[in-house]
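Here's a quick briefing to read alongside the model. Have a look at the chains first, then come back for the contact, the core and the helices.

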Amino acid sequence: MLEDWTRADIPRRTRAALKLLEYMTVHPRDIDSALIDDLKEVGLDNLAIQEAANVGFHYNLITRVADAFDFPVPQGVQQERLARMLNFIGKLLRGSSAEEIWIRGDGGVIRPPEVEKGREQLLEVEGATDPLLRRSVEAYVISQWGWDRQESLDLPAELKIFLKKLSLHAYRILDEDIEALQLAGYSDDMVYEITIVGAVGAALVGLEAVYQYLYG
Amino acid sequence: MRIDLLRSEHRPWYMSFGLKFAQWRVGALPGPPLTISYKPGFFQRDFISYIIRAMAGSGGWSKGEAELFASFVSKQNSCQF
């Protein structure tokens, strides 16, 4: 069914959600009010769109991290056990629900409040990399999708090569890309921080576009 | 893995213990908890809760639909995970 979802025998709501996820993942710049209207026409309300977009954000993030770090891929029953475990961790961590559905972050960009808080922490918390570098990493990965975000720093070439892959086609990241960063003096902690910030930034592109047309 | 996520000076002992338990329970080292626990101070608690929440099925979507959405996005990204 994943091969040709447009013709698969699935409910119209589900097909509409897959369309949204494809836009978020492959061509987020084409998300517009007409797409959101199409989704609503088949019965998706704002909450259903938000929560499908949440899964899209989650997996656009995790797949980039998995490809960059070359995670071991769980097989068969391991996948089910991992899903149950993540679900359990999610329940343990369940904090208070945000009162607002969305907030405006810097630059007036609309995001879910939890995402904005998480993003600010990633960018500002003390780490092996300077916050200014992290903001530039985020701006660079987002700019790869055609959005104009001002980079504060001119990033070095080896970092741009890695971030471009991370943003646009993370499955092409090779051992050599990480080794190039390490040879240039980046510690494991620095590579880690840059990868997480970059993956979150790239995953944000689709989510922000959806929220812009839902609430902007 | 390309950086050694198992060795972390930031991971508290109880997370190391939890990872060992997870490895035993899942049958492999689970990448997402391994990554988050490498430097837990990097992640805001509500943010983690948010990104995990949808996988349980919410907003009128079932757990099965959420899993379908996740597989679909992985495939669109040409990712095995």
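Two residues count as in contact here if their C-beta atoms, placed from the backbone, lie within 7 Å. Keep in mind that this is a predicted model. On that footing, the contact draws 63 residues from chain A and 53 residues from chain B.

**Where chain A meets chain B**

- On the side of chain A that touches chain B, the elements giving two or more residues are α1 (12–26), α3 (46–69), α4 (77–93), α5 (113–124), α8 (175–183) and α9 (188–215) of chain A.
- The top contributor to that side is α3(A), with 19 residues.
- By residue type, the side of chain A that touches chain B splits into 37 nonpolar, 15 polar and 11 charged.

**The largest nonpolar core**

- The largest nonpolar core runs to 82 residues.
- If you want to know who has the most contacts inside this core, look at A:L20, A:L21, A:A52, A:L166, A:A199, A:L207 and B:F69.
- Helix α9(A) gives the most to the core, with 16 residues.
- Domain 1 (11–42) and domain 2 (44–81) of chain B both chip in residues, so the core lies between them.
- Zooming in on A:A52: leaving aside residues up to four places away in sequence, A:A52 touches A:A17, A:L20 and A:L21, plus B:W61 and B:F69.

**Helix α6 of chain A**

- What should the 13 residues of helix α6 (residues 131–143) of chain A span at 1.5 Å a residue? The expected figure is 18 Å, and the end C-alpha atoms are 18 Å apart, which agrees.
- Its buried residues are A:L133, A:R134, A:R135, A:S136, A:V137, A:E138, A:Y140, A:V141 and A:I142.
- The cover over those buried residues of α6(A) includes α5, α7 (157–168) and α9 of chain A.

**Chain B as a whole**

- Chain B has four helices and zero strands, and along the sequence the pattern reads α-α-α-α.
- The C-alpha trace of chain B spans about 40 × 25 × 25 Å along its principal axes.
- A compact globule of 81 residues would have a radius of gyration near 12 Å, but chain B comes in at 15 Å.
- Of the 81 residues in chain B, 46% are buried.

How values were computed:
Residues numbered from 1 in each chain as written. Chains lettered and ligands numbered in written order. Predicted model: local features only at pLDDT ≥ 70, side-chain atom pairs only at ≥ 80, totals over all residues. Nonpolar A, V, L, I, M, F, W, Y, C, P; charged D, E, K, R; others polar. Expected span 1.5 Å × (residues − 1). Buried ≥ 20, exposed ≤ 12 C-beta atoms within 10 Å, placed from the backbone. Core = buried A, V, L, I, M, F, W, Y, C linked by C-beta atoms within 7 Å. Domains from an automatic or database assignment. Rg over C-alpha atoms; globule rule 2.2 N^0.38 Å.
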